[in-house]
Amino acid sequence: MTTTQTRVTTADTRDMKTRGDKIVMMTAYDYPTARLVDEAGVDMILVGDTLGMVVLGYDSTLPVTMEDMIHHTKAAVRGAQHAMVVGDMPFMSYQTGWQDAMKNAARFLQETNCGAVKLEGGVRSAETVRKLVEAGIPVMGHIGLTPQSVNQVGGWKVQGKTPAAAVQLMHDAQALEQAGAFAIVLELVPAPLAALLTERVSVPTIGIGAGAGCDGQVQVFHDLLGMYDKFVPKHAGRYADIGAQIRDAVARYTADVKSGAFPTAKHSFKMDPEALAELSPRQQTAIERRHALGLDA
Ligand code: KIV
């Protein structure tokens with residue numbers, strides 16, 4: 001983490017790689033969460049399209065739209081003071097050609113004020129990355145397991161395990177580097193291969209399920225804090241069980257409301273007893289009569 005109070009920049013992340021300082025990225029999808037993770041000191045906040053699964057309840061990231069991403073990225077940017085916020089380009093917002101990619105990446109920067117965009121794919125996305133970077137849009141690449149292609153790769157599987165697949169990943173990383181990506185997410189890549197890729201490219205690698213040899217790590221907020229138990233990936237760090245705490249707190253609140261133990265006087269507001277006395281049925285009728293005769297004015 002840098003020590004200044006200004007926002008982390010792409011140049012900062014490159015300097016961190018040079019110094020060997022680990023880069024910490026975490027997902028956040030709304031204002032309070034972005035504020036909390038920013039205050040905790042992460043370097044980058046990813047408004048990932050995992051939004052679709054952990055917040056919107058879909059089975060994959062594919063149904064997430066540009067409107068969803070813009071809405072949530074705006075909220076996260078409002079919450080973050082220090083971290084660079086990266087907006088994740090959703091399925092079909094860039095695969096249909098660089099012109100669409102340009103239009104949608106520009107929407108992220110102009111409408112949400114985020115600092116960069118992320119998109120999936122190595123060699124196949126390199127030309128699009130180049131066009132965006134030439135237009136002044138910082139781009140983070142994403143290779144290895146690319147969840148938007150989950151139907152093509154046949155599930156959430158570790159990538160690059162055979163020599164041919166490992167060489168392809170190397171080409172992907174180098175294509176992104178040459179196209180001007182400022183950092184590359186490596187998802188579900190064997191640790192020794194991720195370490196090798198990290199050595200071979202000049203830009204920072206950010207790993208998720210890619211071992212400790214990457215320049216940084218990214219985790220999904222809901223995985224790290226135990227708030228999404230539909231699918232817990234092996235690579236998810238678990239630092240708290242907030243889901244259990246939420247269930248417990250809400251169950252106690254429910255029991256207290258049902259029993260009458262909540263709210264107490266502490267949670268209620270007083271009223272002047274004389275004003276209250278005026279609401280006795282007799283007084284109330286007199287007040288209403290005075291009103292009707294216009295005698296209050
Ligand atoms: O969408 C996301 O949260 C991601 C991370 C898993 C890297 O792409």
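A disulfide is a pair of cysteine sulfur atoms within 2.5 Å. By that criterion, the structure described here, which is a predicted model, holds zero disulfides. Two of its cysteines may be described by their accessibility. C114 has a relative accessibility of 5% and therefore counts as buried. C214, at 0% relative accessibility, likewise counts as buried.

## Three helices and the residues that follow them

The table sets out three helices with their computed and expected spans.

| Helix | Residues | Number of residues | Span, first to last C-alpha | Expected span |
|---|---|---|---|---|
| Helix 5 | 98-112 | 15 residues | 20 Å | 21 Å |
| Helix 11 | 242-259 | 18 residues | 26 Å | 26 Å |
| Helix 13 | 281-292 | 12 residues | 16 Å | 16 Å |

For helix 5, the reach of 20 Å is close to the expectation of 21 Å. Helix 11 also reaches close to its expected 26 Å, and helix 13 close to its expected 16 Å.

A positive phi is found just after each of these helices. After helix 5 the residue is N113, with a phi of about 65°. After helix 11 the residue is G260, with a phi of about 90°. After helix 13 the residue is G294, with a phi of about 70°.

## Surroundings of helix 5

The buried residues of helix 5 are A101, M102, N104, A105, R107, F108 and T112. Among the elements that cover these buried residues are helix 4 (66-79), strand 3 (84-88), strand 4 (116-118) and helix 6 (123-134).

One residue of strand 3 is D88. D88 is buried because its relative accessible area of 2% falls under 20%. Apart from neighbours within four places in sequence, D88 is in contact with L46, V47, G48, D49, M69, F108 and K118. F108 is also one of the buried residues of helix 5. With K118, the side chain of D88 forms a polar contact of 3.1 Å.

## T205 in strand 7

Strand 7 (residues 205-208) includes T205. With a relative accessible area of 1%, T205 is buried. Its side chain is joined to that of T198 by a polar contact of 2.7 Å. When residues up to four places away in sequence are not counted, T205 touches I184, L186, T198, C214, D215 and G216. Of these contacts, C214 is itself buried, at 0% relative accessibility.

## The cavity and the largest pocket

One cavity of 30 Å³ or more is found in a search of the whole structure. The volume of the largest cavity is about 340 Å³. Its lining comprises 25 residues, and those closest to the centre are T50, P147, E187, I208 and V220. At least two lining residues of the largest cavity come from each of strand 1 (23-27), helix 3 (51-54) and strand 6 (183-187).

The largest pocket has a volume of about 300 Å³. It is lined by 19 residues, of which V24, M26, Q219, L224 and Y239 are the closest to its centre. Strand 1, helix 2 (31-39), strand 8 (216-219) and helix 10 (221-224) each supply at least two residues of that lining. Strand 1 contributes the most to the lining of the largest pocket, with three residues.

## Backbone features in loops

Most residues other than glycine have a negative phi, and most peptide bonds are trans. Several places in the model depart from these patterns.

M92 is not a glycine, yet its phi is positive, at about 70°. M92 lies in the loop between strand 3 and helix 5. At 43% relative accessibility, M92 counts as partly exposed.

N113, introduced above, is also a residue other than glycine with a positive phi, near 65°. N113 belongs to the loop between helix 5 and strand 4. N113 is exposed, since its relative accessible area of 58% is over 50%.

A cis peptide bond, with omega of about 0°, joins F262 and P263. P263 is located in the loop between helix 11 and helix 12.

The loop between helix 11 and helix 12 (273-277) also holds F269. F269 counts as exposed, at 81% relative accessibility. F269 and F182 are 87 residues apart along the chain, and their C-alpha atoms are separated by 55 Å.

Conventions. Residues numbered from 1 in each chain as written. Predicted model: local features only at pLDDT ≥ 70, side-chain atom pairs only at ≥ 80, totals over all residues. Heavy atoms only, no water. Helix = DSSP H or I, 4+ residues; strand = E, 2+ residues; numbered from the N terminus. Expected span 1.5 Å × (residues − 1). Buried < 20%, exposed > 50% of the residue type's maximum accessible area, 1.4 Å probe, protein only. Contact = heavy atoms within 4.5 Å. Polar contact = N/O pair within 3.5 Å; in protein donor to acceptor, adjacent residues only side chain to side chain. 1 Å grid on protein atoms, 1.4 Å probe; cavity = no way out; pocket = protein on both sides within 12 Å on 5 of 7 lines; lining within 4 Å. Points joined across faces, edges and corners; volume = space filled by probe spheres on them.
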